[in-house]
Amino acid sequence: MIKLENVSKTYQTDKVETLALRDINLHVKKGEFVSIMGPSGCGKSTLLNLIGLLDRPGKGKIAVDGAEMKVWRDKELASMRNRTFGFIFQSFHLINDLRVIDNVELPLLYRSCSAKERRRLAEEALARVGLSARMDHYPNQLSGGQQQRVAIARAMVGRPSVLLADEPTGNLDSQMGAEVMDILLKLSHEGTTVVMVTHDERQAKQGGRIVRVFDGQLVA
Amino acid sequence: MLKNYFQIACKVYMRRKLFTAINLLCIVLTMVVLLVVTAILQATFFPTGVEGRSERFLQIGTITQVSKNKTWRSPLGYKVIDQYLRKMKTVEKVAAVTGPESVSVYQKDSVNEIMMRRADAEYWQILDFKLLSGRVPTEEDVKQGRFVAVVNESTAKKIFGSAAVVGQKINTGGQQFEIIGVVEDVIHMNAFADIWVPVTTFPSSQYREQYTGNFNAMLMGKSAADLPLIRDELLQVVKQINADQPTHWDETYMWADSKLDFFARGILSHDKLADSGSAQLLAGVVFFMLLFMLLPALNLVNLNSGRIMERAAEIGVRKAFGASNRELVKQFVIENILLCLFGALVGLIFTKLTLIWLSNAELIPYLKVDLSFAVFSYGFVIAIVFGVLSGVIPAWKMSRLDPVLALKGAA
C-alpha cells in the first residue's frame, strides 16, 4: 500500500541543517494497523507527513498504491491526498466557523460530488462515530472526545484507503481516548489501513505492528 | 461549495467587526466615487432623456480646414448645413443649432445672464424635450422668422417667478421674443441652454452664406444602421465643400460623430483623423478607474494578508484534505468578492444619496443623474474587479503555504 525506500528528510534553517529522518525503509501493507512510536522530536510526525504526502522527502522514494511519487505537482498531490488519505490530528484541527456537518463534508468539496451526496455521506460518517445528534453544532460546543470523533468522521467520509492519525488520543482523557481507539480499530478491521503516531504503548499494541523511530531512524 | 465559502466568509467577517468595518468603508468610498462618475458618464453618453434618440443621430461640431501655412478649426457655418448636409440622401433629418451663447435678458428692473441657442425646426424633432407648457417652434415659425422663444423651467422661474410664462415677452440683444413654450431643464450636450429661438431671427442674414460660424449639425438616420452610411456619404460631401469654398484650402475635414466620439475628438484633437480616439479615451477612463481602485485595493491586500495568515491552520487542513492551491485561491478570492459585493450594495445606496445631493445642490446646472440598471450593473462589475484586485495577491500568498507549517499555525 505504502512503500518508503531510503527516505531521508533534512530541514534547513538559516545556518543549521537538521536531519529529521535518515534512510527510512518502511512498507505498510493494505489493511495493516501500524503504530509509530518514539520519543518526542525523533521524527515520528515528519514520517507521518511524508507518508501522507504533506511533505516531500529530501532523498529516497515514496510509492502509494504501487505508484511511485515522481512528480510532486500541487494538483496531483492534492488529488492523491483527497482520494487516498484521511488525516486525524492531535489537536483535531476542526474549522470552528463551520458546523460539525460542514466540517465533515470538507474532503468531499474537493472532488466531484453533489451537495445531496455530500450531505448523505457526512451524515453516515457522523452516525458511525455516534454524533448524529450533534451535526448542527459548532466544534467549540463539543467536548474534546466528541471533537476528535468529528475529526475521525471527516477523515473517513471520503472512504480513503489510509487513515493517518497523529497522536489522536494525545489531548483526550483515558475514557475518551479508548472510545477513539475503538473507532480506529473498527475501521482497521473493516479493511482501512491505519498509520498512527502514539506515545501510548498499550494503544500501539492494540493496533498490531509497531514501528519505532529513534533519532530519525527506524529501530527494531 | 459556494455555500461553504459563504458561511466561512460571514463568520470570519463577523468575528473581526472593526476590521470588516474598515474594509467595508474602503470599498464603499471607492464604489461611491466610481459609481457617481459612471452615472454621470452614462447620462452623458448613452441615449437618455432629451437625447433618447442619440443612437440614431450623429453630430458635427467642427470643420477643420488646412492649407500649407494654416489650420483653421471652427464650428460650422449655416451654409454647410443648409446647402450641403440637408441634401444628403442617407439622412432622415438634419438639424442646425448654434452653440450656447451668453446673452443678457432685460426684464423689468433686472438683468439676467442666460445661455441662448438658435435652432431650426428639425432640432425640436430630433431632440425629445419634455414640454411643460405651450409648444415648441414649428417649421412655419422658423420659415417666417417669428420672434418666438422657448425657455426652460429654471429660467422661467428666475425671470417671471410664479406667473404664467407662455405669452410673456422677453428682451435680449435688442430683440423681443414671445415665449411660446416651457421645457424641462436639461444638461445634455446638444440640448443645454436656457432659451431657444428660431435660427431665422438672427439680426442679419449673413449667417446663411458662411462656411464657418457657430453652428452644430445633427444628422438623424432612420435607424442606427444608417449611421455608417451617413459617415460614408459625408466624406463625399466634404470634398464638395472643399472644392466650392471661395478661399482655397488644401484639405477640409468634418466628421459625423456619436456623442462619445464627439467628446473624444475634442479632447484628443483628432481633427484630421477618421478615428475619433474614443477607444483610447475609454481605455484611459478604464485605466484611471483601475488606478483609482489601486490604492484602496493595496490597503485591502494588506488587511487581507493579515486576515488570511490568521487562518493558516484552516489552510493546512484544507490542503491535507485535498484542496489544491488553485482551489484555495478561488475560495479566498470569492470570499473577498462577497465582501466587495456587499460593499457595492452599501455603495449603491450612498451613490443614490450622493446623486440626489448633487442634483439638488446645483453645483452643475441642470444636472439630473439617477441610478439606472446599467449603473447598477457597472457597480456589480466594479465590485468584482475590485474583489479580484484586492483578493488575488493575498490568496496566492496563502495558497503557497507549506501544509505542515500551516497546520502548526506557523505561517
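# A guided tour of chains A and B

Begin by colouring chain B by confidence: its mean pLDDT is 88, and 100% of its residues reach 70 or more. What is on the screen is a predicted model, and its scores are ipTM 0.93 and pTM 0.68.

**The contact between the chains**

Select next the residues where the two chains meet, a contact that takes 19 residues from chain B and 21 residues from chain A. On the side of chain B that touches chain A, the elements giving two or more residues are helix 1 (2–15), helix 10 (312–320), helix 11 (325–361) and helix 13 (403–407) of chain B. Helix 1 of chain B supplies the largest share of that side, with five residues. If you colour the side of chain B that touches chain A by class, you will find 11 nonpolar, five polar and three charged residues.

**Chain A and its open sheet**

Now hide chain B and look at chain A, which has seven helices and 10 strands. Of its 220 residues, 49% count as buried, and among the contacts in chain A with a separation of 6 or more, 71% are between residues 24 or more positions apart.

Select the open sheet of four strands in chain A, whose order is 2-1-4-5 with antiparallel pairing. Which strands stand at the edges? They are strand 2 (17–28) and strand 5 (67–68) of chain A, and because each has a single partner strand, one side of each is left without a neighbour in the sheet. At one of these edges, strand 5 of chain A pairs with strand 4 (residues 59–64) of chain A in the antiparallel sense over two bridges, and A:Ala63 has A:Glu68 in strand 5 of chain A as its bridge partner.

**Helix 2 of chain A**

Bring chain B back and select helix 2 (residues 74–84) of chain A, in which A:Leu77, A:Ala78, A:Arg81, A:Asn82 and A:Thr84 are buried. What do these buried residues pack against? Within chain A they pack against strand 4, strand 6 (85–88), helix 3 (100–109) and strand 7 (162–166), and they also pack against helix 10 of chain B.

**A loop residue in chain A**

Move to A:Leu142, which is found in the loop between helix 4 (115–128) and helix 5 (144–156) of chain A. With 18 other C-beta atoms within 10 Å, A:Leu142 is partly exposed. Leaving aside neighbours within four places in sequence, A:Leu142 is in contact with A:Arg134, A:His137, A:Gln147 and A:Val150. A distance label drawn from A:Leu142 to A:Val100, 42 residues apart along the chain, should read 9.4 Å between the C-alpha atoms.

**The nonpolar cores**

In soluble globular proteins, nonpolar side chains tend to be buried together. The largest nonpolar core here has 112 residues, of which A:Ile36, A:Val104, A:Ala153 and A:Val195 touch the most other members. Helix 11 of chain B gives the most to this core, with 12 residues. Centre the view on A:Val195 and, leaving aside its neighbours within four places in sequence, display its contacts: A:Val28, A:Val34, A:Ile36, A:Leu48, A:Ile51, A:Val162 and A:Leu164. A second, separate core of 62 residues includes B:Leu85, B:Val91, B:Met116 and B:Leu219.

**Strand 8 of chain B**

Select strand 8 (residues 148–152) of chain B, where five of the five residues are buried, so that the strand is largely enclosed by the rest of the structure. In a regular strand the side chains alternate between the two faces of the sheet. Here B:Val148, B:Val150 and B:Asn152 lie on one side and B:Ala149 and B:Val151 on the other, and both faces are covered.

Which way do its partners run? Strand 8 of chain B runs parallel to strand 10 (residues 175–183) of chain B, with five bridges joining them, and B:Asn152 stands opposite B:Val183. With strand 11 (residues 195–198) of chain B the pairing is antiparallel, over two bridges, and there B:Val151 stands opposite B:Ile195.

**Two last stops in chain B**

Go on to helix 8 (residues 259–268) of chain B, whose buried residues are B:Lys259, B:Asp261, B:Phe262, B:Phe263, B:Ala264 and B:Arg265. Their cover includes helix 2 (17–45), strand 1 (57–60) and helix 9 (278–310) of chain B. The helix is followed by B:Ser269, whose phi is positive, near 50°.

Finish at B:Pro246, in the loop between helix 7 (227–244) and strand 13 (251–253) of chain B. Is B:Pro246 buried or exposed? It is exposed, with 6 other C-beta atoms within 10 Å. From B:Pro246 to B:Tyr211, 35 residues apart in sequence, the C-alpha to C-alpha distance is 9.6 Å.

Key:
Residues are numbered from 1 along each chain as its sequence is written. Chains are lettered from A and ligands numbered from 1 in the order in which they are written. This is a predicted model: local features need pLDDT of at least 70, side-chain atom pairs count only at pLDDT 80 or more; totals for chains, interfaces and linings use all residues. Two residues are in contact if their C-beta atoms, placed from the backbone, lie within 7 Å. Ala, Val, Leu, Ile, Met, Phe, Trp, Tyr, Cys and Pro count as nonpolar, Asp, Glu, Lys and Arg as charged, and the others, Gly among them, as polar. Two strands pair if DSSP finds at least two bridges between them. A residue is buried if 20 or more other C-beta atoms lie within 10 Å of its own, exposed if 12 or fewer, and partly exposed in between; C-beta atoms are placed from the backbone. A nonpolar core is a set of buried Ala, Val, Leu, Ile, Met, Phe, Trp, Tyr and Cys residues joined through C-beta atoms within 7 Å. pLDDT is the predictor's confidence in each residue, from 0 to 100.
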